[in-house]
Amino acid sequence: MTRTEILDELKKVIAPYTTNKEMLASINEQTDLIKDLKINSANLVDIIIDAEAKYDIEIDYDSADKMVNVGTCIDVISEKLNQKA
Amino acid sequence: MGKRVVVTGMGVVSPNGVGIPAFLHAIQNGISGIKFMPRYQELNFSCQVAGMPAFDWESLKTKNYISEVVFHGLKGTNIGYGLVAAMDAWADSGMDWETEEPRWETGCVFGNSIADTEAMKNVIAKVDNKEAKKLGSRVVEQAMNSGVTSYISGRLGLGNKVVTNSSACATGTQAILMGYEFIKDGYAKRMLVGSTEHVDTYVYGAFDSMRVLSRKFNDTPEKASRPMSITAGGFVPGSGSGALVLEDLDFALERGAHIYAEVLGGSSNSGGQRLGGTMTAANSTGVVRCITEAMSMAGVGPDQIDLISGHLTATNADRQEIQNWITALGRGGDDFPLTNSLKSMIGHSLSAAGSIETVASILQIVHGFVHPNINFEDPNPEIANLVSLEKLPVKMIKKEVNIAAKANFGFGDVNSCLILSKYNK
């Protein structure tokens, strides 16, 4: 999967956790999940769990800590996808 | 002399009506909210009927009670009911839901029995399956007993005392009493009070096993809840929520709030599980003390009580409850006050009973009527021997109600009684 493909899919994963739909439509790799998308920090866990299910991967604690903006989310997801492949 | 406390808003999620207009129509016309539950038949329950509100779960989101994000992952039915009753009461009181600043002057006392066990089943399954990691962030906030108060106070920005109370079937009246006391004693200007209950399959099953539920009317569910009747063979579980906005009178007048009624006082005590009281049975001495003390705290004499909204669940405790009211008031026979049981229409919604019944009591004060006791065509002769049957109306009576006593008695031998009054300047 390319980074763009992952980003498109990631939008769907994030959607239930942000009320800022306009910002969600225009996210880029620099978009911060908490500051820009106003996601409750507790909900980051839910995004990680949903991403694990969606991509059939396991995201360990250390990797999860890196997932603060869209770019680092894509980094972790593509790394785990590559490990799987 | 403490502050006077008035009711300025009400909301209700009841098996026979969601929202005040529907609920008022239902209680004036004796409409039952008890339905046959096919699932309970499949599960081999003895009692297969229940009072379940016609609740539109999606409305939590579509009517902006909560955001889509909060809605996503909300599983606790008790929390959904409580949110709607509380926020409807808030809106009814003429106030906006939205606020940037915490509302420091307003607190919340809201009660419930336990979290939605049916929702928790998924949690248990995941943990047992070694998948605790997949539970996510939304379980704890809904499993905690204070889930409902947390959701309500968070949505409305309530910044005064936020308390979750739990005292079985006395929870609702006790929540209202606690909120009243905080305002009376000057700790808060306004309290959003009430209680909620979702009798899920597992809690229902446990009551069924105690053989305290109505089991002979599964074919005629609307007949199943029969307080004070000779065929009363147990209660019918119900679910729902009731909520009230209580305010310091001066504070309410300043903002030009509509005033429904006044809370004059009340009492909450326990029979100590002594003198005949047990985990499941009330100590009559404790009940009588609770009612007497409520009247004393309210500054009201027994002759002033126009209406008793009883606990009267349709078990064999009904007769003793009537006897306790007679003893506490010193009034029996033809002199007994008009008395009714909302449970004849909606069943017994445990923790939510007291708040839903208080909303009903206030509606009777405001609109000048006494709602009927439905399914009371075959009175228990032991009750008919104690009080005139005219005092236990089977049809709605249009009549001025100035003062009502609302009591509930719960497992653990706990009692709560409120004295409610028409608002007089």
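In this predicted model, B:G354 makes a good starting point: beyond its neighbours within four places in sequence, this glycine is in contact with B:A170, B:T171, B:G172, B:T173, B:S195, B:N408 and B:S416. B:G354 sits in helix α15 of chain B, which covers residues 353–367. Since a residue is buried when 20 or more other C-beta atoms lie within 10 Å of its own, B:G354 counts as buried because it has 33 C-beta neighbours inside 10 Å. A further reference point is B:G266, which is 88 residues away from B:G354 along the chain, with 13 Å between the two C-alpha atoms.

One of the contacts of B:G354, B:N408, leads to strand β14 of chain B. This strand spans residues 403–410, and 8 of its 8 residues are buried, so β14 is largely enclosed by the rest of the structure. In a regular strand, side chains alternate between the two faces of the sheet. In β14(B), B:I403, B:A405, B:A407 and B:F409 point one way, while B:A404, B:K406, B:N408 and B:G410 point the other way, and all are buried.

The pairing of β14(B) can be followed on to two other strands. Strand β10 of chain B (residues 307–309) runs parallel to β14(B) and is joined to it by 3 bridges; here B:L307 has B:A404 as its bridge partner. Strand β15 of chain B (residues 414–421) runs antiparallel to β14(B), with 8 bridges between them. In this pairing, B:A404 stands opposite B:L420 of β15(B). The strands β14(B) and β15(B) form a hairpin with 3 residues between them, and B:G412 in the turn has a positive phi of about 95°.

At the level of domains, chain B is divided into domain 1 (5–261) and domain 2 (266–421). The centres of these two domains of chain B, taken over C-alpha atoms, are separated by 21 Å. Contact between them involves 62 residues of domain 1 and 60 residues of domain 2 of chain B. On the side of domain 1 of chain B that touches domain 2, two or more residues come from each of β1 (5–14), α1 (20–28), β4 (49–51), α9 (171–184), β7 (190–197) and β8 (240–248) of chain B. The largest share of this side, 8 residues, is given by α9(B). By class, the side of domain 1 of chain B that touches domain 2 comprises 30 nonpolar, 29 polar and 3 charged residues.

Turning to the interior, the largest nonpolar core has 122 residues, and those with the most contacts inside it are B:V7, B:A86, B:L192, B:V193, B:L244, B:L246 and B:I291. Helix α5 of chain B (residues 77–92) supplies the largest share of this core, 9 residues. Each of domain 1 (5–261) and domain 2 (266–421) of chain B contributes at least three residues to this core. For B:V193, the contacts beyond four places in sequence are B:V109, B:F110, B:A175, B:I176, B:G179, B:A243, B:L244 and B:L246. Another core, of 19 residues, lies apart from the largest one and has A:L33, A:L37, A:M67 and A:V70 among its members.

Finally, the two chains meet through 8 residues from chain B and 9 residues from chain A. On the side of chain B that touches chain A, the residues divide into 1 nonpolar, 5 polar and 2 charged.

Terms used. Residues are numbered from 1 along each chain as its sequence is written. Chains are lettered from A and ligands numbered from 1 in the order in which they are written. This is a predicted model: local features need pLDDT of at least 70, side-chain atom pairs count only at pLDDT 80 or more; totals for chains, interfaces and linings use all residues. Domain bounds come from an automatic or database domain assignment. Two residues are in contact if their C-beta atoms, placed from the backbone, lie within 7 Å. Helices (H or I, at least four residues) and strands (E, at least two) are DSSP runs, numbered from the N terminus. Ala, Val, Leu, Ile, Met, Phe, Trp, Tyr, Cys and Pro count as nonpolar, Asp, Glu, Lys and Arg as charged, and the others, Gly among them, as polar. A residue is buried if 20 or more other C-beta atoms lie within 10 Å of its own, exposed if 12 or fewer, and partly exposed in between; C-beta atoms are placed from the backbone. Two strands pair if DSSP finds at least two bridges between them. A nonpolar core is a set of buried Ala, Val, Leu, Ile, Met, Phe, Trp, Tyr and Cys residues joined through C-beta atoms within 7 Å.
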